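Colleague: Please give me a close look at a single part of this model, starting with the whole chain and then zooming in. I work at the bench, so plain explanations of the terms would be welcome.

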Amino acid sequence: FVSKSPQDIGLLPYGAEKTELGKDGEKLANDGGTEQKNKSLFATIKTKEFILYFLGAAAIAFVMSAVKGHIPAYMTDIGYTEQMAANILSLTVFTVIPAKPVFGIVFDKFGDKIGVVASVGMMAIATILIIFTPWAFIFAVLFGAIYGFGSAYSTIGPAILIGDLFKGNKN
């Protein structure tokens, strides 16, 4: 589950790999047969991957904030007390705490795509569950737990994905 050092799982410290210059003058990191470019900040920002990632992350953050911001009002509108609505909102916040290390492991072991799909999928499933809240309170509890767990992406996902876009750049 946890290794004593990065070398135990085949990772090298920054700067340990040999570097050589590519034909366009950018450094190429030689990491055992695969070459990847270390891009500068401005070179990365201009890529279509960065622009698509930025737009996608902004859309996810907007939807997540809108849902969390309207849950108390929705719950009170359908008949729950303010305290119950606040409890569900608190549940969405508190479930982020155990979700961060879990999603860190998911991103490390299964990759970025699986991590993002799992996180956004959990938020989508939870949003469907909230529709059934007027009929049973358990759906509100499930919404709070699942949505909060999925929303951990908003704090750990950007760092992991931006790191991949820069491909090991230390600048």
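**From the whole chain to one helix**

Modeller: Happy to help! The protein chain exposes about 10900 Å², and carbon and sulfur atoms supply 69% of that area (accessible areas come from the Shrake-Rupley method with a 1.4 Å probe, and for residues only the protein chains shown count as cover). This is a predicted model, in which local features need pLDDT of at least 70 and side-chain atom pairs count only at pLDDT 80 or more, while totals for chains, interfaces and linings use all residues. Residues are numbered from 1 along each chain as its sequence is written, and side-chain values use heavy atoms, with hydrogens and water left out.

The protein chain has seven helices and three strands (DSSP runs, numbered from the N terminus: H or I of at least four residues for helices, E of at least two for strands). Along the sequence, the pattern reads β-β-β-α-α-α-α-α-α-α. Of the 171 residues in the protein chain, 29% are buried (buried is under 20% relative accessible area, exposed over 50%, partly exposed in between, with a 1.4 Å probe and protein chains only). Among contacts with a separation of 6 or more, 63% join residues 24 or more positions apart (contact means heavy atoms within 4.5 Å).

Now to the part I would pick, helix α3, which covers residues 82-94. Its 13 residues should span 18 Å at 1.5 Å a residue, and the end C-alpha atoms are indeed 18 Å apart, which agrees (the expected span is 1.5 Å times one less than the number of residues). The buried residues of α3 are Ala85, Ile88 and Thr92. Seen down the helix axis, these buried residues fall within an arc of 60°, so they line one face of α3 (the arc is that of the directions from the helix axis to the C-beta atoms). What covers them includes α2 (48-77), α4 (96-110) and α6.

The face of α3 turned away from that buried side carries the exposed residues Glu82, Gln83 and Phe94. Gln83 counts as exposed because its relative accessibility is 59%. The C-alpha atom of Gln83 is separated by 9.1 Å from that of Pro72, eleven residues apart along the chain.

Since α6 is among the helices covering α3, let us follow the chain past its end. Ser151 sits in the loop between α6 (137-150) and α7 (153-166), and it counts as buried because its relative accessibility is 3%. A polar atom of the Ser151 side chain lies 2.9 Å from the backbone oxygen of Gly148. Leaving aside neighbours within four places in sequence, Ser151 is in contact with Met64, Lys68, Val96 and Met123.

One more stop is the aromatic rings, since the structure holds six aromatic pairs (rings of Phe, Tyr and Trp, the latter by its six-membered ring, with centres within 6.5 Å; planes under 30 degrees apart are stacked, over 60 edge-to-face, the rest tilted). Phe132 and Trp135 make a tilted pair, 6.4 Å centre to centre with 50° between the planes. Phe132 and Phe139 are also tilted, at 5.5 Å and 45°. Together, Phe132, Trp135 and Phe139 form one aromatic cluster. Within this cluster, Trp135 is exposed at 66%, while Phe132 is partly exposed at 37% and Phe139 is partly exposed at 25%.

Conventions. A polar contact is a pair of N or O atoms within 3.5 Å; within protein, one must be able to donate a hydrogen and the other to accept it, and residues adjacent in sequence count only if both atoms are side-chain atoms.
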